[in-house]
Amino acid sequence: MEQLQLPLIPMMYVSISRKAFVPGTSHAHIDAIDLSGIDETREYGRAPARMKVLNKLPIESTGFANTVLYGTCNEKGEPWPVLCADGKVRVLTFAGSHDDNIRDISINHIYQQWEKCYDEGMAGNASGNHQHWEIAEGWHYKKVKNQYGDWTLPNLLHCEDIFWFDKSKHIVANNRFGLNGYKFRYTDTYTEGEESMKKLPNGYSVQKLEGVNIHTFKLNKKIHGIKQVANEPHNTTHTIGEVYPGSKKVTSYYSANRALPSYLEIYNKETGKAVFITNLAYFINKAGASNYGEIQGRIQGENIDGRPDQTQWMDAVLTNDMHLKHGDFASWEYLKSQVILGYSPAIITIMNGDYVKNAAGKIIYKYSPAVGTGKYTAPNTQTLLMEDSESIIVAVVDGLLLPSKITEWAYGLGIIELGFGDSGGSSYAYYYQENDISENPGVPEEPTICDHEKVIKELKQTVLSLEQDKAKLEKQVSDYKLKIDTALKTLQ
């Protein structure tokens with residue numbers, strides 16, 4: 001995994017001329033800081049971490065400042081987290097304002113950490129050269145008006161929780177405002193292994209595991225909702241792209257547009273519009289049916305009281321208070337009125353914050369008899385439904401990975417519940433960037449074209465391994481037959 005950077009205070013000479021929440025000022029209701037450097041001349045701002053220019057908001061369009069929005073990213077320009085001073089791992093947006101001229105800044109340009117990226121200025125509501133900085137989690141493309149009428153990034157973060165002070169790069173400008181009462185964490189207090197505290201970022205992100213993209217969407221419970229949607233009419237030929245016109249396919253390994261009976265949809269609560277869609281089979285009640293629900297995807301029967309009853313499958317529910325419950329319920333303890341969604345995972349590998357283990361403490365996995373063990377022993381694309389200590393995550397593995405590898409990756413990210421959908425190797429996802437305006441974690445890059453030669457090589461290796469296993473079994477059968485014949489002759 002690419003090393004996480006520590007986001008630095010974005011100026012060499014640190015002089016905080018205005019703090020957050022100063023009564024009677026433009027910061028009265030804003031968690032932001034103004035940096036004014038060592039003197040009144042225009043000084044450079046520097047990139048706190050590797051970051052990509054997401055958008056420019058010139059004063060001609062906003063009327064209040066020249067603002068540039070930067071999102072933390074990896075070398076490819078994909079959303080990528082940093083290790084913040086409070087020990088949390090986040091994908092961030094930094095918003096810098098008041099540069100007199102932002103025409104030399106290009107959208108999508110990537111700045112490396114500590115590279116000059118922004119100038120002090122007086123554009124807009126500014127009485128002297130300075131830089132105004134705001135920070136928010138996720139990628140954002142515009143500011144929103146708060147309840148006091150101020151235009152800011154949504155859900156601002158406090159600078160002391162984010163920025164690090166590097167003694168080799170920063171100089172406190174005590175001749176001016178200095179740190180102004182702020183206490184920043186020094187980079188030399190960082191200890192190796194703090195990345196173990198990392199969690200998946202809110203919203204959409206692309207994670208990497210052994211060269212395979214994992215597309216994740218972590219719900220912000222205040223902003224996002226989740227539901228299961230039947231692809232009406234039942235067994236329709238409509239694909240996700242047809243059911244959700246205008247959405248962008250972010251996965252590439254499974255290239256077909258397979259029509260499925262049901263989809264899992266994450267939506268924006270404020271607008272009701274879909275944001276992230278993938279395939280995950282589920283059950284529904286069928287009108288007029290007295291005993292069983294209509295089959296939507298994999299088979300899942302229901303009792304007359306609305307509780308599923310299918311011993312061939314493992315079961316999972318997402319309760320109304322947004323918690324995943326996994327298990328082998330012969331008949332679910334949860335009525336439909338108690339749950340947001342329910343489905344039958346092929347395998348379950350993490351429950352109650354730990355690996356699934358047997359009575360002796362050995363790490364194992366639970367699997368649905370109707371699916372068998374092949375879903376665990378063979379690499380495949382996967383649709384995942386997960387929970388960490390903060391929220392619910394939907395993920396799609398865009399390539400061939402063993403569930404054991406995925407489970408290790410998820411456990412390292414603090415996942416406390418993990419179930420794998422029975423996708424049959426056809427996991428894929430679509431995303432509406434424009435519908436996720438409340439907390440926009442970024443526009444996904446064009447999907448990477450699948451490396452067919454690599455896939456063919458992996459499949460040939462799998463076939464060879466299976467043939468070798470077959471040969472061993474055939475030899476064992478032959479040996480046993482010989483022993484049986486010998487025993488029978490002895491008896492005669």
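Reader: Is Tyr70 buried or exposed, and at what relative accessible area?
Author: The model is predicted, and the values here are computed from it. A residue under 20% relative accessible area counts as buried. Tyr70 meets this cut-off and is buried, its relative accessible area being 0%.

Reader: Which residue forms an edge-to-face aromatic pair with Tyr70?
Author: The structure holds 15 aromatic pairs. In one of them, the ring centres are 6.1 Å apart and the planes stand at 75°. An angle over 60 degrees counts as edge-to-face. The pair is formed by Tyr70 and Tyr111.

Reader: How many residues apart are Tyr70 and Tyr111, and in which strands do they lie?
Author: Tyr111, like Tyr70, is buried; the relative accessible area of Tyr111 is 7%. Tyr70 belongs to strand β6 (residues 67-72) and Tyr111 to strand β10, so the pair links distant parts of the chain, 41 residues apart.

Reader: Which residues form one aromatic cluster with Tyr70 and Tyr111?
Author: Tyr70 and Tyr111 form an aromatic pair. The cluster that contains them also takes in Tyr118 and Trp133.

Reader: Which strands are the edge strands of the open sheet?
Author: Seven strands make up this sheet, with antiparallel pairing, in the order β2-β3-β12-β9-β6-β5-β10. An edge strand pairs on one side only. That applies to β2 (16-18) and β10 (110-111).

Reader: Which residue in β10 stands opposite Lys52?
Author: Strand β5 (residues 51-57) runs antiparallel to β10, and two bridges join them. Opposite Lys52, in β10, stands Ile110.

Reader: What is the distance between the closest N and O atoms of Asp99 and Arg42?
Author: Asp99 counts as buried at 2% relative accessibility, whereas Arg42 counts as partly exposed at 42%. The two form a salt bridge, with the closest N and O atoms apart by 3.3 Å. The pair links distant parts of the chain, with Asp99 in the loop between β9 (92-97) and β10, and Arg42 in the loop between β3 (33-35) and β4 (44-46). The N to O distance asked for is 3.3 Å.

Reader: How many residues apart in sequence are the parts that Arg42 and Asp119 tie together?
Author: The side chains of Arg42 and Asp119 meet in a salt bridge, 3.6 Å from N to O. Arg42 lies in the loop between β3 and β4, and Asp119 in strand β11 (residues 116-119), so the pair ties together parts whose separation in residues is 77.

Reader: Which residues are linked with Arg42 in a network of salt bridges?
Author: Arg42 forms a salt bridge with Asp99, and another salt bridge joins Arg42 and Asp119. Asp119 is buried, with a relative accessible area of 18%. The network links Arg42 with Asp99, Asp100 and Asp119.

Reader: How many residues apart are Lys405 and Glu210?
Author: A salt bridge joins the side chains of Lys405 and Glu210 at 3.8 Å, N to O. Lys405 counts as partly exposed, at 36% relative accessibility. Lys405 is in helix α5 (residues 403-412) and Glu210 in the loop between β18 (203-209) and β19 (212-218); their separation in residues is 195.

Reader: Which residues make the nonpolar surface patch of about 330 Å²?
Author: Patch residues need over 30% relative accessible area. Leu488, found in helix α6 (residues 452-491), is partly exposed at 44%. The patch is made by Leu488 together with Ile484 and Leu491.

Reader: What share of the residues in the protein is buried?
Author: The protein has six helices and 35 strands. Of its 492 residues, the buried share is 52%.

Methods. Residues numbered from 1 in each chain as written. Predicted model: local features only at pLDDT ≥ 70, side-chain atom pairs only at ≥ 80, totals over all residues. Heavy atoms only, no water. Patch = residues over 30% accessible without salt bridge, like charges linked within 9 Å, V, L, I, M, F, W, Y side chains within 5 Å. Areas by Shrake-Rupley, 256 points an atom, 1.4 Å probe, with all protein chains shown as cover. Salt bridge = Lys/Arg side-chain N within 4 Å of Asp/Glu carboxyl O. Helix = DSSP H or I, 4+ residues; strand = E, 2+ residues; numbered from the N terminus. Buried < 20%, exposed > 50% of the residue type's maximum accessible area, 1.4 Å probe, protein only. Pairing = 2+ DSSP bridges. Phe/Tyr/Trp six-rings, centres within 6.5 Å; stacked < 30°, edge-to-face > 60°.
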